[in-house]
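User: I am new to this structure and would like to understand the terms used to describe it. Please show it to me and then explain how each description is reached.

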Amino acid sequence: MMAAQPGDLLRQWSSITGVAALAIAGEVLIASAMRDLGDLDNHRTGPGLKGFLGPVKAVLSNGKFLIGASCMAFNFFAMLWALSIVDLSLAAPAIASLTYIGNAICAKLVLGENVDQRRWLAVLFVCVGVILIAH
Amino acid sequence: MKHALKPSQYAILVAVMLTASVGDTLLSRGMAEVGAVDLQHLGLLWKALFNPFVASGIVLLIGFFASYMTALSWADLTFLMPATAFGYVVIALLSRFWLHEQLSAYRWTGILLIVCAVGFVAGGPSRTEDPASEHHELDIMDSGAGR
């Protein structure tokens, strides 16, 4: 267990929040990009493997996707850094739960998704479930 | 709102649920065989790529990313979130029945909650339709052009 001095606590939770924020930004931007593109089957240029070039080109030329993918890459390295100052048993469930809650809020506010009671309940269950599994 | 998914879309959801967790498990198993990598032995990372478990794990994680993005093209992010969380359940079940680890009551409760969350969301629509496009579709139906 790492020493939990007052200054460290702030640093630990700042890193957890930062990692979660990068994950949320990445996932919301990628979701927005894919929503803009629509069903990828519509981008297929023909039958067979060659037909997949159309969707790949459409995805890779989308600015939101590229920024979102960059956020996910930064998230990976930020996670490695966070794990150097926070115990995995705290970091993993805390980051996962914050990411699920943040994704749900951003999906409603930014993507305009219909996050009804059923979906809020699912977010709550997932957060508690992740914490219990990591217990 | 769309309520019905095509069989191919269910297959993609199953791929989202399974590929990440099984891929992570394979990477973990492979890296345990390769050994600890430090700054003085970065060459081990190159060697790790040729470990069958690591190579299979990377292929599965690429498959996860592809299937996740495909799913996002026709489903809401909040619809997919419980499906990705289901990976925790798969890992817990793999550790119980493949690695023969003991799962505590806490973990079984966590598994139950995530399964319930998947059930809640799966019973609803997969996509929030843009009202503008919905009206446009109705206009086309009214004019008979969509028949």
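Analyst: What follows takes up chain B, its helix packing, the contact with chain A and the core. This is a predicted model, in which local features need pLDDT of at least 70, side-chain atom pairs count only at pLDDT 80 or more, and totals for chains, interfaces and linings use all residues. Residues are numbered from 1 along each chain as its sequence is written, while chains are lettered from A and ligands numbered from 1 in the order in which they are written.

User: What makes up the secondary structure of chain B?

Analyst: Chain B has six helices and zero strands, where helices (H or I, at least four residues) and strands (E, at least two) are DSSP runs numbered from the N terminus. Read from the N terminus, the order is therefore α-α-α-α-α-α.

User: Why is α4(B) called roughly antiparallel to α5(B)?

Analyst: Helix α4 (residues 77-97) of chain B packs against helix α5 (residues 105-122) of chain B at an angle of about 150 degrees, with the axes 9 Å apart; axes are lines fitted to C-alpha atoms, for helices over the stretch in contact, and angles run from 0 to 180 degrees between N-to-C directions. Angles over 145 degrees count as roughly antiparallel, under 35 as roughly parallel, 65 to 115 as roughly perpendicular and the rest as oblique, so α4(B) is roughly antiparallel to α5(B).

User: What is the character of the residues in the contact of α4(B) with α5(B)?

Analyst: They divide into 14 nonpolar, no polar and one charged, where Ala, Val, Leu, Ile, Met, Phe, Trp, Tyr, Cys and Pro count as nonpolar, Asp, Glu, Lys and Arg as charged, and the others, Gly among them, as polar. Residues are in contact if their C-beta atoms, placed from the backbone, lie within 7 Å; Phe79(B) and Phe86(B) are among those on α4(B), and Arg107(B) and Ile114(B) among those on α5(B).

User: How many residues does each chain give to the contact between chains A and B?

Analyst: Chain A gives 32 residues and chain B gives 26. On the side of chain A, the largest share, twelve residues, comes from α5(A), and the residues there divide into 21 nonpolar, six polar and five charged.

User: What makes a set of residues a nonpolar core?

Analyst: Such a core is a set of buried Ala, Val, Leu, Ile, Met, Phe, Trp, Tyr and Cys residues joined through C-beta atoms within 7 Å, and a residue is buried if 20 or more other C-beta atoms lie within 10 Å of its own, exposed if 12 or fewer, and partly exposed in between. The largest nonpolar core has 70 residues, and those with the most contacts inside it include Val126(A) and Ala117(B). Leaving aside neighbours within four places in sequence, Ala117(B) is in contact with residues including Val126(A) and Pro82(B).

Definitions and conventions: Contact = placed C-beta atoms within 7 Å.
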